[in-house]
Amino acid sequence: EQNGFHEVEPKGPVDSKWIVRHAEPAVAGKSLLAAADRFKEFKEVQFAWPNSVSEYKKANSRAPLPRDWWLKTIGVIDRNGNRVLGPGNPGVKIAVLDDGVDIAHLNLANRVPMGVGRNFAVAVNNPDHANPKPHVQGPLGSPDEYSDYHGTSIAGIVCSDGTEVTLPQFCGVAPGCKLVPVRVIDGHYLVLDQWVAN
């Protein structure tokens, strides 16, 4: 209040986080950055940052890249498909912040510890908050048919364990590590920084 802000959201899942709004709508852009900087006067505040909004848009469809293109590009496998890196430590958990992740997918199911994964596109008290699976799907055959599965692809690149045998077995960068899927993108809607912060 001393800096012209008021609280707009309860702390939610993080006790030390507050979402506040400046009383003057004209405080935006550089002036909002300056207003956030004034919080450094208070020893209780470790970090203050303006809430921005990012627009998420799908790229136009094009010919798909080969499944192992990224793995070759970043040196996980050599050009003959032989693995260069080890599988990773099962004690390491890797969070993927994206849209829906199909945690029942054969290549991912063994990578997701029981009870982890969150959907911050819904309120924390919503029963769906603990369900990071894809929720948005367009009409069959439309460009949006699989509009909420990008997180599944990224999770596969990160830690697919190659269990699925109907396709060429595909292991990700760290198939031995665990996956924490976090849904912060809701179809074509805007992404709020507070979802990511939560």
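Okay, so a helix or a strand here just means a DSSP run, at least four residues for a helix and at least two for a strand, numbered from the N terminus. With that in hand, and remembering that this is a predicted model, the protein has 4 helices and 7 strands. If you walk along the sequence, you meet them as β-β-α-β-α-β-β-α-β-β-α.

Now the overall picture. There are 198 residues, and 33% of them count as buried. The protein exposes about 12700 Å², with carbon and sulfur atoms supplying 57% of that. And if you take the contacts with a separation of 6 or more, 63% are between residues 24 or more positions apart.

Here's one example of residues like that. Val 184 sits in the loop between β6 and β7. Val 184 and Val 122 are 62 residues apart in sequence, yet their C-alphas are 9.2 Å apart in space.

Let's go inside. Which residues make up the largest nonpolar core? There are 8 in all: Val 96, Val 101, Leu 108, Val 112, Ala 155, Val 158, Cys 159 and Leu 179. Helix α3 gives the largest share of this core, 3 residues. Apart from that core lies another one, of 7 residues, including Phe 120, Ala 121, Val 182 and our friend Val 184. Val 184 counts as buried because its relative accessibility is 4%, and the cut-off is under 20%.

Back to Leu 108 for a second. Leaving out residues up to four places away in sequence, Leu 108 touches Val 101, Ala 155 and Leu 179, among others. The list also includes Asp 102, Thr 152 and Ser 160.

Next up, cysteines. How many disulfides does the count come to? The count is 0. Take Cys 159, which is buried at 0% relative accessibility. Why no bond there? The closest cysteine sulfur is in Cys 177, and at 7.4 Å from the sulfur of Cys 159 that's too far for a bond. The cut-off, for comparison, is within 2.5 Å. Cys 171, by the way, is partly exposed, with a relative accessible area of 31%.

Okay, helix α1, residues 30–37. Leu 32, Ala 35 and Ala 36 are buried here. They cover an arc of only 100 degrees around the axis, so they end up on the same side of α1. A handy reminder: an α-helix has 3.6 residues a turn, so residues three or four places apart point the same way. And what do the buried residues of α1 pack against? They pack against β1 (5–9) and β2 (19–22).

Last stop, the loop between α3 and β6, where you'll find Asp 161 and also Glu 164. Are these two buried or exposed? Asp 161 is buried, with a relative accessible area of 19%. Since buried means under 20%, that value falls inside the cut-off. Glu 164 counts as buried too, at 14% relative accessibility.

Each has a polar partner. The side chain of Asp 161 makes a polar contact of 3.5 Å with the side chain of Asn 110, while the side chain of Glu 164 makes one of 3.3 Å with the side chain of His 105. Setting aside residues within four places in sequence, Asp 161 also touches Leu 106 and Asn 107, among others, and Glu 164 is in contact with Leu 106 and Asn 107 as well. Asp 161 touches Cys 171 too, the partly exposed cysteine from before.

That's my tour, thanks!

Key
Residues are numbered from 1 along each chain as its sequence is written. This is a predicted model: local features need pLDDT of at least 70, side-chain atom pairs count only at pLDDT 80 or more; totals for chains, interfaces and linings use all residues. Side-chain values use heavy atoms; hydrogens and water are left out. Buried means under 20% relative accessible area, exposed over 50%, partly exposed in between (1.4 Å probe, protein chains only). Contact means heavy atoms within 4.5 Å. Accessible areas come from the Shrake-Rupley method with a 1.4 Å probe; for residues, only the protein chains shown count as cover. A polar contact is a pair of N or O atoms within 3.5 Å; within protein, one must be able to donate a hydrogen and the other to accept it, and residues adjacent in sequence count only if both atoms are side-chain atoms. A nonpolar core is a set of buried Ala, Val, Leu, Ile, Met, Phe, Trp, Tyr and Cys residues joined through side-chain atoms within 4.5 Å. The arc is that of the directions from the helix axis to the C-beta atoms.
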